[in-house]
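Morning, everyone. I have one model to go through today, and I will take sheets first, then helices, then a few backbone details.

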Amino acid sequence: MTTVALKDVTKMFQDGTVAVDTLNLDVNDGEFMVLLGPSGCGKSTVLRMVAGLEYPTSGAIMLDGELANGLQPRERKVAMVFQDFALYPHMTAGDNIAFPLRLAGVEPTPCGERVTDVASALGIGELLDRKPNQLSGGQRQRVAMGRAIVRRPGLFLMDEPLSNLDSGLRAELRAEISGLTRELGVTTIYVTHDQAEALTMADRVAIMRRGVLQDVGTPTQVYGRPATLYVAAFLGSPRMNLLEASVYVHLDRYVTLNLGEQSLYLPWDDLRSRAVAHYHGERIVVGMRAEALTPVAPDTPGDVLQGRIRYLEHHGHESLAFLDIGATSIVVDEMSGPVETGVSGQRGLRRFGQVMQRLAGRAGEA
Ligand code: ATP
């Protein structure tokens, strides 16, 4: 069993760069935690501190409830896979995988069995006699993973392990890695800047920006109810529509959301009106996912926003319509309503579905 707890962890490098700022994060036993964020946000530094390759400037790193700040890498039961995994070129795949076991003095027979087990779990059982230069990129990465897993670490740390592979292979290995770590029950911290990777693989995602943790939760939570405007704008493709609105609660029990030139009237029995009612008189930012909006005909009665289609974008599995609503532009998933491709002009837009909240701050602050 391995749990990780980071308590008020800060890392300041000698040149004054604060790579990680007062980070608090718990990783549960057997959990697959993804650290997600743009380049330079501090993800790798977090991983390196957990591995013992960097030491925190302040704060505590706890492994299984014990303070691990001063422990050497080899004293922590961790295995690490990097983006630029280096295999020993003169050794076969099997010998590469067996290497950490030999180093630890494991006898040949159990060592051989462990190597075969790991290799077959990774689908490279047939390739153990090949040298790295006789393997494809994906196969080499599987060998690197095998080498990390073979010692049965309590904690698996992976830093962008798939970023050098082509997109098809990445998707394939994504499923394999998360399947394998779950099968083995190994606690995993996985660093990536690729949100598709994060959302598909993670039990929970921790999103960082400039060294600061922005949000942590299951993929559904961080996607559907982002904690900050930054996360709302960062996660999802297309990005979440963010509209400024003023809230007015009317005494005869309905709520108006004033979106500049247009207003939405939410009846009191609509759950969304309750969600915003206590912001009466305030300006809020309303977040709407493209797929939560339903395109309808312009003359549809009821609560609709009017938009003018600027352009349509076809992605094969979906078509996105980019609309101007007054001075704001938003994106709508065309497939969520009647499919009318090649149409441009006025369109009604049925009011949004499930996603609506006050985000922490106003549009433009993030
Ligand atoms: P990437 O995805 O590009 O690897 P990252 O999110 O993993 O980025 P880190 O590598 O953790 O980011 O770097 C965080 C910040 O710390 C960056 O501004 C980086 O330039 C800085 N940094 C990293 N290592 C050092 C170092 N040894 N000395 C000074 N600054 C450093």
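Before the sheets, one definition: two strands are said to pair if DSSP finds at least two bridges between them. Also keep in mind that this is a predicted model.

With that, the first sheet. It is open, has 6 strands, and runs in the order β6-β7-β8-β3-β9-β10 with mixed pairing. Its edge strands are β6, residues 78-81, and β10, each pairing on one side only. On average, neighbouring strands of this sheet are turned by 15° against each other, direction ignored.

At the β6 end, what is the sense of the pairing between β6 and β7? These two strands pair in the parallel sense, over 4 bridges. If you want a residue to find the register by, take Ala79, which stands opposite Phe156 in β7.

The second sheet is also open, with 4 strands in the order β2-β1-β4-β5, and the pairing here is antiparallel. β2, residues 18-27, and β5, residues 66-67, are the edge strands, and each of them pairs on one side only. Strand β1, residues 4-12, is joined to β2 by 6 bridges, and the two run antiparallel. For the register, look at Lys11, which has Val20 of β2 opposite.

Further along the chain there is the pair β11 and β14. Strand β11 covers residues 241-250, and 6 bridges join it to β14 in the antiparallel sense. Asn241 has Met288 in β14 as its bridge partner. Is β14 mostly buried or exposed? Of the 6 residues in β14, residues 283-288, 5 are buried, so this strand is largely enclosed by the rest of the structure. The cut-off behind that word is 20 or more other C-beta atoms within 10 Å of the residue's own.

Now the helices. Helix α1, residues 43-51, is mostly covered, with 7 of its 9 residues buried. The buried ones are Lys43, Thr45, Val46, Leu47, Arg48, Met49 and Val50. Note that Lys43 and Arg48 are on that list. Just after α1 comes Gly52, with a positive phi of about 90°.

Next, helix packing, with α4 in both of the pairs I will show. Two packed helices are described by the angle between their axes and the distance between the axes.

Take α2 and α4 to begin with. Helix α2 is residues 93-103; its axis and that of α4 come within 7 Å and cross at roughly 25°. Angles under 35 degrees count as roughly parallel, and α2 and α4 are therefore roughly parallel to each other. Their crossing is right-handed. Which residues meet there? From α2 there are Ala93, Asn96, Ile97, Phe99 and Pro100, and from α4 there are Val143, Gly146 and Arg147. By class, that contact has 5 nonpolar, 2 polar and 1 charged residues.

The other pair is α4 with α5. Here α4 is residues 137-149 and α5 is residues 167-184; the axes come within 11 Å and cross at roughly 15°. These two helices are therefore also roughly parallel to each other. α4 passes α5 in a right-handed crossing. On the α4 side the contact uses Gly137, Gly138, Gln141, Met145 and Ile149, and on the α5 side Leu169, Leu173, Ile177 and Leu184. The classes in this contact are 6 nonpolar and 3 polar, with no charged residues.

Last, the backbone. Most residues other than glycine have a negative phi, and most peptide bonds are trans. A few places here depart from that pattern.

Where is the cis peptide bond? It joins Ser237 and Pro238, with omega at about 5°. Pro238 sits in the loop between α8, residues 229-234, and β11.

Then Glu160, which is not a glycine but has a positive phi of about 45°. Glu160 is in the loop between β7, residues 155-159, and α5. It has 19 C-beta neighbours inside 10 Å, so it counts as partly exposed.

Arg210, again not a glycine, has a positive phi of about 45°. Its place is the loop between β9, residues 204-209, and β10, residues 212-217. Arg210 has 15 C-beta neighbours inside 10 Å and therefore counts as partly exposed.

That is what I have. Comments are welcome.

How values were computed
Residues are numbered from 1 along each chain as its sequence is written. This is a predicted model: local features need pLDDT of at least 70, side-chain atom pairs count only at pLDDT 80 or more; totals for chains, interfaces and linings use all residues. A residue is buried if 20 or more other C-beta atoms lie within 10 Å of its own, exposed if 12 or fewer, and partly exposed in between; C-beta atoms are placed from the backbone. Axes are lines fitted to C-alpha atoms, for helices over the stretch in contact, and angles run from 0 to 180 degrees between N-to-C directions. Angles under 35 degrees count as roughly parallel, over 145 as roughly antiparallel, 65 to 115 as roughly perpendicular and the rest as oblique. A crossing is left-handed if the near helix is turned anticlockwise from the far one by less than a right angle, and right-handed if clockwise. Two residues are in contact if their C-beta atoms, placed from the backbone, lie within 7 Å. Ala, Val, Leu, Ile, Met, Phe, Trp, Tyr, Cys and Pro count as nonpolar, Asp, Glu, Lys and Arg as charged, and the others, Gly among them, as polar.
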